[in-house]
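Please open the structure in your viewer and keep the selection tool at hand. The tour proceeds stop by stop, and each stop states what to select and what is found there.

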Amino acid sequence: MKSSVATIGRNTRILTLGSVGAQGTSAISQFLLVAWLSPGDFGLFASASATLIVFVALTNLGEINAYLTGKLARTSDLLKTSLRVNCCLGLLGALVGVAIFGLNGPQLGVMVISVAATIPLTGLSLAWNAVAIRAQKLRAAVLGQFIGAGTKLVVGISVAATTESAIALPTALGLGAAANVAATAWMLRDDYQEYSHNAVVAVRDRFDRIRWAAQSLVQFFGAQCDYLVLSLLATPHVVGIYFLAYQATVGVSALISGPLLKSGLVELGHSKGADLHTAKVLATHTTLYVALLSSLGGAMVLAASPHFPGAWDQAGAPLVILLGSLTGRLLTPILEAQLLASGRVSDSFWINGGDIVGTSLAACLILGGDIVLVSLAVSSWKVVIAAIRCFAVFGRNAPLVALPGVASLVIHCTATMLFPQGDLVGASVIGTFGVGIVLLLGLRRFAK
């Protein structure tokens, strides 16, 4: 058990560092492109991506999760399925672009076609990343991401400087993914054949594939639906404020949850989900550490938000509240890994479906114009759905696992509501909660 927890922790740290580096390089490329591209160019790319959001969500049809848990045994099956499925999705997306082009939307139509062309490449890059992780070739997984991000940076700048056109964005995305695929496949060229040859062929029916695809779809929208709903209903100013808080919390969550889910799927998949104690220990440790980090972040934001430039000071309260939900949010990858490893794909589907409905309804409160209320509602629901996942996985032991997430949100919300932004007493309240977490961690280690 200790070995499994240590393995998941080590793999998660390595993959997270790679993800942070790759995402950081991608963020730098987006920032540099501002020198040649206008806000309208970025808006055109965002509109095309939103048009194809369903196709993007269906990328790989959940086969990567099935592969990482061992339900899909052979590497060659994953790669063939990924290429076939994603080419079909790309073709359907391109047909949507052609239809838009014909309806007097030539600019948007061309951009939709360009984004659709990237789906097979991005899907295949995710598949090869999964191959490296399951084979425990983490160096290949991390270096592949870095090479892909570096290629995206160089291509994006070159095309933008040459054309000053939004076409630089999908071109960089596609070629960056292609470089990731080529680099990872080359580094795994020897291990891949041996790993595939020794794998046991698993018999899977069509219904099983549909279950995994549906689970992947609702999991994707569960993480994205609050921002998507606000983008449809709110003014650009309100969306911009929420976007800052969203990126600072959900963006950070995504950097950790992706590697944590993948490493958890592989390790928990070895026991087919029978090693429930490993999942419990890992979930408990994760919530305590994340509660500590989120409390430190929340205290700093509460103290410094009045000094944010311009109208960005309005983002302080939503950001503190959303930081309070991070502890509950980061239970999700561990609990999802346990559900999928134990074959409870349908349970995962329904829980994620409930997450989509609840989060969307909470985000609809933006019609009242209060961004703080929306942040409170979304954060509360995320913690509630985390508690539901805990009960689904751990039964009567769930309260002990869910308690740090609930406590973190209560402390952050209470400090935000009772103390004005910039108040050092309020920041101290949140910081004291973090100190309490440190003491609890110390007591746990001393008890061992």
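The stops below begin with the whole chain and then turn to individual helices and residues.

**Conventions**

This is a predicted model, in which local features need pLDDT of at least 70 and side-chain atom pairs count only at pLDDT 80 or more, while totals for chains, interfaces and linings use all residues. Residues are numbered from 1 along each chain as its sequence is written, and side-chain values use heavy atoms, with hydrogens and water left out.

**Stop 1: the whole protein**

Display the entire protein as a cartoon: there are 19 helices and zero strands. Both are DSSP runs numbered from the N terminus, helices being H or I with at least four residues and strands E with at least two. Of the 448 residues, 51% count as buried. Buried denotes under 20% relative accessible area, exposed over 50%, and partly exposed the range in between, with a 1.4 Å probe and protein chains only. Contact is defined as heavy atoms within 4.5 Å. Among contacts between residues at least 6 apart in sequence, 82% join residues at least 24 apart.

**Stop 2: the end of H7 and the loop after it**

Select helix H7 (138–163) and the loop that leads from H7 to H8, where Glu164 lies. What is the sign of phi at Glu164? The value is positive, near 50 degrees, in a residue other than glycine. Most residues other than glycine have a negative phi. Glu164 counts as exposed because its relative accessibility is 53%.

Now move back into H7 and pick Ala161. Ala161 is partly exposed, at a relative accessible area of 37%. Its C-alpha is 8.4 Å from that of Ala35, although 126 residues separate Ala161 and Ala35 in sequence. Ala149 is also found in H7. Is Ala149 buried or exposed? With a relative accessible area of 5%, Ala149 is buried. Measure from the C-alpha of Ala149 to that of Ala177, 28 residues away along the chain, and the separation is 8.1 Å.

**Stop 3: helix H8**

Select residues 168–187, the 20 residues of H8. From first C-alpha to last, H8 reaches 28 Å, close to the 28 Å expected at 1.5 Å a residue; the expected span is 1.5 Å times one less than the number of residues. The buried residues of H8 include Ala168, Leu169, Pro170, Gly174, Ala177, Val181 and Thr184. Ala182 also belongs to H8, but Ala182 counts as partly exposed because its relative accessibility is 48%. The C-alpha atoms of Ala182 and Trp128 lie 9.3 Å apart, and the two residues are 54 apart in sequence.

**Stop 4: H6 against H8**

Add helix H6 (residues 106–134) to the selection; the axes of H6 and H8 come within 8 Å and cross at roughly 25 degrees. Axes are lines fitted to C-alpha atoms, for helices over the stretch in contact, and angles run from 0 to 180 degrees between N-to-C directions. H6 and H8 are therefore roughly parallel to each other, a class for angles under 35 degrees, with over 145 roughly antiparallel, 65 to 115 roughly perpendicular and the rest oblique.

Among the residues that meet here are Met111, Val115, Leu121 and Trp128 from H6, and Pro170, Leu173, Ala177 and Val181 from H8. By class, this contact of H6 with H8 has twelve nonpolar, seven polar and no charged residues. Ala, Val, Leu, Ile, Met, Phe, Trp, Tyr, Cys and Pro count as nonpolar, Asp, Glu, Lys and Arg as charged, and the others, Gly among them, as polar.

**Stop 5: H12 against H18**

Select helix H12 (residues 276–304) and helix H18 (residues 398–418), whose axes come within 8 Å and cross at roughly 10 degrees. That makes H12 roughly parallel to H18. The residues of this contact divide into six nonpolar, seven polar and one charged. Those that meet include Lys280, Thr284 and Leu288 in H12, and Val401, Pro404 and His412 in H18.

**Stop 6: two threonines**

Select Thr249 in helix H11 (residues 236–269). Thr249 is buried, at a relative accessible area of 0%. Leaving aside neighbours within four places in sequence, Thr249 is in contact with Leu319, Leu322, Leu323 and Leu326. Leu319 is 70 residues from Thr249 in sequence and 7.6 Å from Thr249, C-alpha to C-alpha.

Finish at Thr359 in helix H16 (residues 345–363). Which residues does Thr359 touch, not counting residues up to four places away in sequence? They are Cys225, Asp226, Val378, Trp381 and Lys382. Thr359 counts as buried because its relative accessibility is 0%.
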